[in-house]
Each structure stands twice: as C-alpha cells, then as structure tokens.
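Thanks, everyone. Let me put the structure up, and then I'll walk through a few local features.

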Amino acid sequence: MGRIVGIDLGTTNSLVAYTDAETGQPKCVPGPYGDTLCPSVVSLDPDGSIIVGEPARRRLLTQPERTIYSVKRLMGRGPADVQSELKLFPFRIDSASKNVIRVLLGNRVFTPPEISAFILRELKNWAEALFGETVDRAVITVPAYFNDAQRLATKDAGKIAGLEVLRLVNEPTAAALAYGLHEKQRGRVAVYDLGGGTFDISVLKLISTTAGDIFQVLSTNGDTHLGGDDIDNLVQSHIQQDIMDCYGVDITQRPELVQELRKALIAVKHRLSENEEAILRFPLPNGAVYGTGFTRAAFEEWIRPVVERTMGPVKQALADAHLKPADLDEVVLVGGTTRTPLIRRTVQEFFDRKPHIELNPDEVVALGAAVQANILDHGVENMLLLDVTPLSLGIETYGGAVAKIIPRNSTIPASAQELYTTGVDNQTGIDIHVLQGERELAKDCRSLARFTLRVPPAPAGLPRIEVKFLIDANGILQVGAKDLRTGEQHSIEVQPSYGINESEIERMLEESIEYAEQDFAERQVIEARTESESILTATAKALTNPQAAGLSAEERAKIDASVARLQESVAGRDYKLIRKRIDDLNHATEHLAELLMNSAVSTALEGRRLAEV
C-alpha cells in the first residue's frame, strides 16, 4: 500500500499536503518550481501532450484555444448549467455535448473530470517525487455547497488519476482541522472561505465527550458562482470599457490580450492588498499605452457588491444554526481572496471579533485535508468528523410534489426511510424520481435519478413501499425502494444524468497505467521545451527594447549564440541538454536583465511622480 495525501482541488490553484511523521504537523508539498501552489490550468500541446500547472498558465497568453482554467466551475454540471460561464471564460464547449459537458482543447475533446484528473495526477507526481514512493490514496476537499453531481465528478477525477478517494471533506471543515480547533474542548466556529471561484460559509461545533471529540457541522451555505474570479471579471470589465472609450480598442476580440490584461490586473489587486495605491500600464495593439492609477478606496468601491454578496449566505448559515454573530467563539478566513483588506474588515465588523489569519489562506484547506488523511490512515479514534448534507434530498410524489426524506444540513453519514403507496388502482410499477433542492415542486428541484419498482396490481393505497436514502461519509447518495408485501426491491447509487459512466472511468484508468512511463518521459521533455519557449520569447522581446543598445558587441554575440544553441537543442528530445542550454542563456543575458530592470524602476518612479502631481 502506498502513501496517503490530502488534496485541495481548487478553482484557481490546487495543492497537495501530508503529515510529517517526525513533527506530526501537516505540510504542503512544493512543486518543481519551488511553489506549493499548482495553478489549476491544463493545456494541450500541438503534439498531443498534456501540460499542467505553471507551464500551462503561461500558455494562456500564447495558446488560449488550447488551454483551460477554472474547470472546477464545470464539474458535475450540464451544458445548460454553464451558459452564464461562457460569457466570462473562454471555454469552448463541443457542440455535440448533450447531457455530458465536453470541452474542446485544440482539436481534442475532454470532460471536466478528465481535465481535473490531469491536475490531480500532477499533484500525485509532486508527492511521489518527495516521498520516493507511490501515492495511491487521497482525501480531497470540495466546497461545502457542492451538490451530489459535483461530488461524484470529483470522485471520478480521482479515480481517473489513479487515486483511491478515501473521503471527500468539505473545505471549511478542513480549514478548521488545519487550525487545530478540534484540540479545544468545545466551541463554535465560523469558517468563511472565499476562493477563486466558490464561496462557502460553515458553522461548526466542537463537542468534547468521554468517547472523544465530535466535530460537527451545524450548518453550511454558500455560492458555487462567487469568488475571486468575480472580482477580477468586474475590474476587467471596467478597464476594458475604459480602453474602448479612450482609445477605441476592443481587446475582447483578442484572447491573448484579454489574458495579458487579466494577469496585469491581478497583479494590481495583489499590490493594493499591501499598498494604498497601484499603477497599471498596459500596451495596446495600436502602439499606445493605456495607463491609470488605482487607489485602494476606489478599488474597494468597485468590488464592494461582490463582498456584500457573501454576507447573504453568512446570515443564512447562522440562522440555520440558530445562532447570532456574538455566539461564535472563533472565525477563520480561508482562500487567497480573503487577503483583500475590505473582506477582512467586513468579516471582523460582522462577527465583532478578529478572524484567524495566521496560516497561509491558500494552503489551509490542503493542510486540513492532510490532517483528515492522517486520521483515516492511523485510525485515530478520539475524534469524529461530522459533515452535513448541503441540500435536501427527497422523491417526487403523486401530483409533482416533493417529499423530503433527508433535510438539508442533516449530519452525514445519514439514513432515512419513509413509507409510500400507489395513487391509482392496479398500478404495475412505481417510478422513483430522486430530487435535490429546497423547493416544494419537483419541476423546481434538481433531478438526480429515476428508476422503477415493479409491484403486483392492487387497489390504490394497498401496497406498502419503503423508500430508503443512505448518504455515505463522502456525501454520495444511495437510494433503495422495497415492496414490503412481496419483498421486491431495487436500489441504485445515484449517478447524475451528466456524470461519466464506469466504463469511461475504467478506460481512462487503463490508459493512465498503460502509458505511465511514456507519459513521464514525455513530461520531462515537454516541461523543458515549455520553459525554453518562454525564455526564448522573453529574450527576443528584451533584445528589441531600446535599453538593449547598452550591450557590448561581445555580449550581443554571446546572447545570439546561446539562443541558437537552445533553439537547436529544443528540436531534440534530450531534456538535460535543453536545461543546460537554458542555464547558459540565463547566464548570457544577466547584463541585459540588469539594464531592463534599471529602466523599469526608473519608469515606475517617474509614473508615481506624475500620479502625485
């Protein structure tokens, strides 16, 4: 049996963590670039190879039609569910998609679980490189408000990546575990989790008993379409319109420019979390340079509607838990977006207490997943983790009404059963229509599954049909129906209508095993070539800069020779040679980089002076 890890499969970034055997503390695994964050970006190389993480993120600028990000927003959802996403993200949905979303990357088609599996496999490789042994089991976190279909899609992605998913844990619950709040004797905790694409609020309660600690989720709420991406989209929309008004340039027609602007604006957002002012300078296709200054106050006015949208679910979660803000003992902030000062102030003012921000908000969920993985791996018996089901589950009854069998916020694992009968004389079958949602009519709720239980003809009201719902620790639902008079029964594990089937999962698993060695070898070459492509492009651009005139003829010749040698090595498949040539070029361009840096610093200082004037 291999190692077990905790994984935060995020919208913007993903992480993998483990519990250190010596210290007993959870740690995140760094990747080949030294960062623990793996951008949740996947790109298809023209030769058919898959590129994941930082190298793929760079291709958002150069090959947007072959690259996808924020795929978590598509998990477990049908084509009709994502129409609003298509206005904001460059997702290309295959026109042949019906019940199952299929995304086009280049000329190939993938489902969201397949794309997520590439990310999970990348994280698995990171961990295996650190441990020097196989990683075959994982605890994966999901937003607390993920529905059954989205949870199943996440488990499917794990299977495709070659991982046994031991548990799906709600992200806010994982965050509380990371902070060690389970080590306190008792208390109520609110976890405010605003990530790249999703928002969750959970209210947790720790109960200390003679049998051990019970960590219970009292309520959960959120929005699967609210996150840092919405802040980025809002600001980008303002700037794109300003560019159109000032210069008549519509950059929405140029995908590579849209991505470059997005990257620049995210950098501005980060600077405003530390400083009161920031400056944006963005070159346009017509040779002009769009420049504008930002103040934190103006930026906060723009994004205030997004921040205020989070407070609705917060209030509802407290109402569901029958608590007031003053009843909370601790408040935890999770997600990179919570570095925004306005969010921290808003949460502190609402709860009238300073929230926990000691841990890296990007890593805290993965660290909590590692804690839970360690609990499962070593059979820790003095702690019980009780999550809740985020939405009510029930069946359609006669006339199209909904009978809720398991109410929302029920502690899981959970089971419940109800007795039903026929509504028409001599029925030979009863259709069981499984639904999820809070509305009273079936047409307003989300359909999860249908099946038919055969019954012998009898007068209406005579048959006794027992319908039983069982939700396992991962939040996955099993439904069974039994005729108590005849013993006839039928049960299914609810597979959403747009999930991927077992045969597809099996095929993908077989392919991942069959091509494992080949994929790893190609991966080394691909990463080296990708880095070379980026460096060669940056070098060519730098040499056109007026500051390059400060190079001596000897330095210029050395750079040209290094570029030629690197281009030559890229044509081959010796990744070690390519990396050596990359190092040679980096060394040759040290003086050029110094000239450009000095120029950039001078320009920035001049821009600040003009802004102050």
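I'll go through a sheet, a helix, a helix crossing and two backbone angles. One caveat: this is a predicted model.

Start with the sheet. It is open, and it has 3 strands. The order is β6-β5-β7, and the pairing is antiparallel. Which strands sit at the edges? Those are β6, residues 50–52, and β7, residues 67–69. Each of them pairs on one side only. From one strand to the next, the twist averages 20°.

Now look at β5, residues 41–44. Strand β5 joins β7 through 3 bridges, in the antiparallel sense. For a landmark, take Ser43: its opposite residue in β7 is Thr67.

Step past the end of β7. Ser70 is in the loop that runs from β7 to α2, residues 83–86. Its phi is positive, near 55°, and this is not a glycine. Is Ser70 buried or exposed? Its relative accessibility is 2%, so Ser70 counts as buried; the cut-off for buried is under 20%.

There is a second case. Asp352 is also not a glycine, and its phi is positive, about 55°. Asp352 lies in the loop between α9, residues 341–351, and α10. Here the relative accessibility is 67%, so Asp352 counts as exposed. The cut-off for exposed is over 50%. Why point these angles out? Because most residues other than glycine have a negative phi.

Next, helix α3, residues 112–131. Does the length check out, and what should 20 residues span? At 1.5 Å a residue, the expected value is 28 Å. The end C-alpha atoms of α3 are 29 Å apart, so the two agree. How many of the 20 residues are buried? The count is 16, so α3 is largely enclosed by the rest of the structure.

One residue in α3 deserves a look: Glu114. Glu114 is buried, at 14% relative accessible area. Its side chain reaches the backbone nitrogen of Thr111 at 2.9 Å. At the other end, Gly132 follows α3, with a positive phi near 75°.

Last, the crossing. Helix α5 is residues 171–178, and helix α10 is residues 364–378. Their axes come within 7 Å and cross at roughly 80°. That makes α5 roughly perpendicular to α10. Who meets whom? On the α5 side, the residues include Glu171, Ala174 and Leu177. On the α10 side, they include Val364, Leu367, Gly368 and Val371.

That's the tour. Questions, please.

Methods: Residues are numbered from 1 along each chain as its sequence is written. This is a predicted model: local features need pLDDT of at least 70, side-chain atom pairs count only at pLDDT 80 or more; totals for chains, interfaces and linings use all residues. Side-chain values use heavy atoms; hydrogens and water are left out. Two strands pair if DSSP finds at least two bridges between them. Helices (H or I, at least four residues) and strands (E, at least two) are DSSP runs, numbered from the N terminus. Axes are lines fitted to C-alpha atoms, for helices over the stretch in contact, and angles run from 0 to 180 degrees between N-to-C directions. Buried means under 20% relative accessible area, exposed over 50%, partly exposed in between (1.4 Å probe, protein chains only). A polar contact is a pair of N or O atoms within 3.5 Å; within protein, one must be able to donate a hydrogen and the other to accept it, and residues adjacent in sequence count only if both atoms are side-chain atoms. The expected span of a helix is 1.5 Å times one less than its number of residues. Angles under 35 degrees count as roughly parallel, over 145 as roughly antiparallel, 65 to 115 as roughly perpendicular and the rest as oblique. Contact means heavy atoms within 4.5 Å.
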